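User: Hey, I've got a protein model open and I'm a bit lost. Could you walk me through some parts of it?

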Amino acid sequence: MTKTVTTTPYTDQKPGTSGLRKKVPVFQQQNYAENFIQSIFDSLEGFAGKTLVIGGDGRFYNREVIQIAIKMAAANGFGRVLVGRGGILSTPAASHVIRKYEAFGGIVLSASHNPGGPTEDFGIKYNIGNGGPAPEKVTDAIYARTKTIETYKIADVADVNLDAEGEQDVAGMTVQVINPVSDYAELMESLFDFPAIRAHLASGFRIVFDAMSAVTGPYAKEILENRLGAAKGSVLNFVPLPDFGGHHPDPNLVHARALYEEMMGDDAPDFGAASDGDGDRNLIIGKGIFVTPSDSLAMLAANATLAPGYAKGLAGIARSMPTSGAADRVAEKLGIGIYETPTGWKFFGNLLDAGLATICGEESAGTGSSHVREKDGLWAVLLWLNILAVRKESVVDIAREHWTTYGRNYYSRHDYEEVDSAAANGLMETLRGQLATLPGRKLGDLVIETADDFSYHDPVDQSVSNHQGIRILFEGGSRVVFRLSGTGTSGATLRVYIERFEPDAAKHDIDTQVALADLIEAANTLAGIKERTGRAEPTVIT
Ligand code: G16
């Protein structure tokens, strides 16, 4: 019932920031997905008879690859597969299911916030037994295997019925189709004060959540409307579509513009939020105020003990290097550890497993905690709602008070998407070459204090990750960071992260781009962005 198929390697299966992401036609090449999945299995040891979780964000090609992955898991000797009904599992739900059922690991099919459809993006990611993305040593082994693979194993059986919950036999392996929402909803109910949120919503507190026609729709409907009693219609675009309705399921101010406009209007609801393709990112907007992901991390950490799941306090906070230092000030005040990691959720896994950090966050709209090993969009929304329900203040008042207490980290990210790869690499290389000579250089009123290429030394397993972004730090604490994205599928995306700390509450009302104008200009001068990329303006400003 199983067969071994001869194949030849592809040379482009190097996992990026979060798994292998490519255009659908690339994945549709003969044996492309099969090669990568077999390379994952070939890089693992000791899974015979164990459980594998499989699920995805419902995007185009999800069902096809789920069938392949199930048949290959059977042929490779797994004992059981847990798969979400319809092939659906949000990324945080997949992480939870892996942990709850003590699975050996999981395969998550998603290209996250990237668009979906026949010519758009698809992705495959492996998560380890702690529920988190495979660390670099595993992804490196997978990549090495993709370069030498000669055969893959697959069960020669009919497709599995993904739409009926319950157990089926596939070539001697049990496939259990599970409800994709219930385990996750139960977990959320165990962490947050649902009665308080329910009462707050019943008292007239209005929310809107845009699921962006992506995977969080069913989760948000169940949790926000059914369990918490938010008004019917509070969850928008809740049916997951293979092409996300033709939209870009990225919850930022560009792609969730309609939500932003609504939240800035006179009759805005009290709280607005959105999540991305696979449900791990979040966008938080209060009535009249967008909360940057970096600020959201700091504000959630500062108020986390208001939620029952965090009432005992936090062990520490972790943030990715390009994320603003707002959370550092909270950690300092709380007297807990703060950890600065490279971009990529996988770097938080060790800190969470070792109990060093409880809450983690990234500027790229990701926040999460030790409850799973992925960032979690709805979790962030629910923690905000829990805090709002207890404090009974508006988002804007909470933000202002936070800035008054801790100071404000003005922060913005400028993305230059689909830039010529050679030009982008040249820009980074040139900057790298100048690092030693930059300290002391003046740009207008700014003086460069230090400049480096970020290296991370993992305090738990002592692994080292080099070349994680170029940091230019100015006297007074402002900084500019340059990085190339590891999640794009065409050309290169240059990300420029700009930050200024402002302690004076009288200066907390400045437009962000204005507050950062001299740093933005300095970034352009230092890197020659316009000349090298040919772009006069960023593609996306968040
Ligand atoms: C992934 C990673 C995140 C990372 C983000 C952006 O998010 O899981 O940790 O911050 O990519 O990465 P980059 O700047 O390299 O594009 P997601 O939501 O795409 O899985």
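Analyst: Sure, we'll go through a sheet, a surface patch and a hairpin. Keep in mind that this is a predicted model.

User: Okay, the sheet with β15 in it. What order do the strands come in?

Analyst: The order is β16-β15-β17-β18. It's an open sheet of four strands, and the pairing is mixed.

User: Which strands stand at the edges?

Analyst: Those are β16 (337–341) and β18 (366–369). Each has a single partner strand, so one side of each has no neighbour in the sheet. As for the twist, it averages 15° from one strand to the next.

User: And how many bridges join β15 to β17?

Analyst: Three bridges, and the two strands run parallel. β15 covers residues 316–320 and β17 covers residues 359–362. If you want a pair to click on, A318 has C360 in β17 as its bridge partner.

User: Which strands does helix α10 touch?

Analyst: α10 (residues 293–303) packs on the sheet and touches β15, β17 and β18. Its direction makes about 170° with that of β17.

User: What about α13, where does that one lie?

Analyst: Helix α13 (residues 377–391) lies across β17 and β18. It runs at about 75° to β18.

User: Switching topic: which residues form that nonpolar patch on the surface?

Analyst: That's F238, V239 and L241, and together they have about 230 Å² of accessible area. F238 sits in the loop between β11 (235–236) and α9 (257–264).

User: Why does F238 count as partly exposed?

Analyst: Because its relative accessibility is 35%, and partly exposed means between the 20% cut-off for buried and the 50% cut-off for exposed.

User: Got it. Now β24: is that strand mostly covered or uncovered?

Analyst: Mostly covered. Four of the five residues in β24 (residues 470–474) are buried.

User: How does β21 pair with it?

Analyst: β21 (residues 446–453) and β24 pair in the antiparallel sense, over five bridges. Look for T450, which stands opposite L473 in β24.

User: And how many bridges join β24 to β25?

Analyst: Four, and those strands run antiparallel. β25 spans residues 479–484, and V481 in β25 is the bridge partner of R471.

User: Last one: which residue in the hairpin of β24 and β25 takes a positive phi?

Analyst: G476, with a phi near 95°. That hairpin has four residues between the strands.

Terms used: Residues are numbered from 1 along each chain as its sequence is written. This is a predicted model: local features need pLDDT of at least 70, side-chain atom pairs count only at pLDDT 80 or more; totals for chains, interfaces and linings use all residues. Side-chain values use heavy atoms; hydrogens and water are left out. Two strands pair if DSSP finds at least two bridges between them. Axes are lines fitted to C-alpha atoms, for helices over the stretch in contact, and angles run from 0 to 180 degrees between N-to-C directions. Contact means heavy atoms within 4.5 Å. Patches are made of residues with over 30% relative accessible area and no salt bridge: like charges are joined within 9 Å, nonpolar side chains (Val, Leu, Ile, Met, Phe, Trp, Tyr) within 5 Å. Accessible areas come from the Shrake-Rupley method with a 1.4 Å probe; for residues, only the protein chains shown count as cover. A salt bridge is a side-chain nitrogen of Lys or Arg within 4 Å of a carboxyl oxygen of Asp or Glu. Buried means under 20% relative accessible area, exposed over 50%, partly exposed in between (1.4 Å probe, protein chains only).
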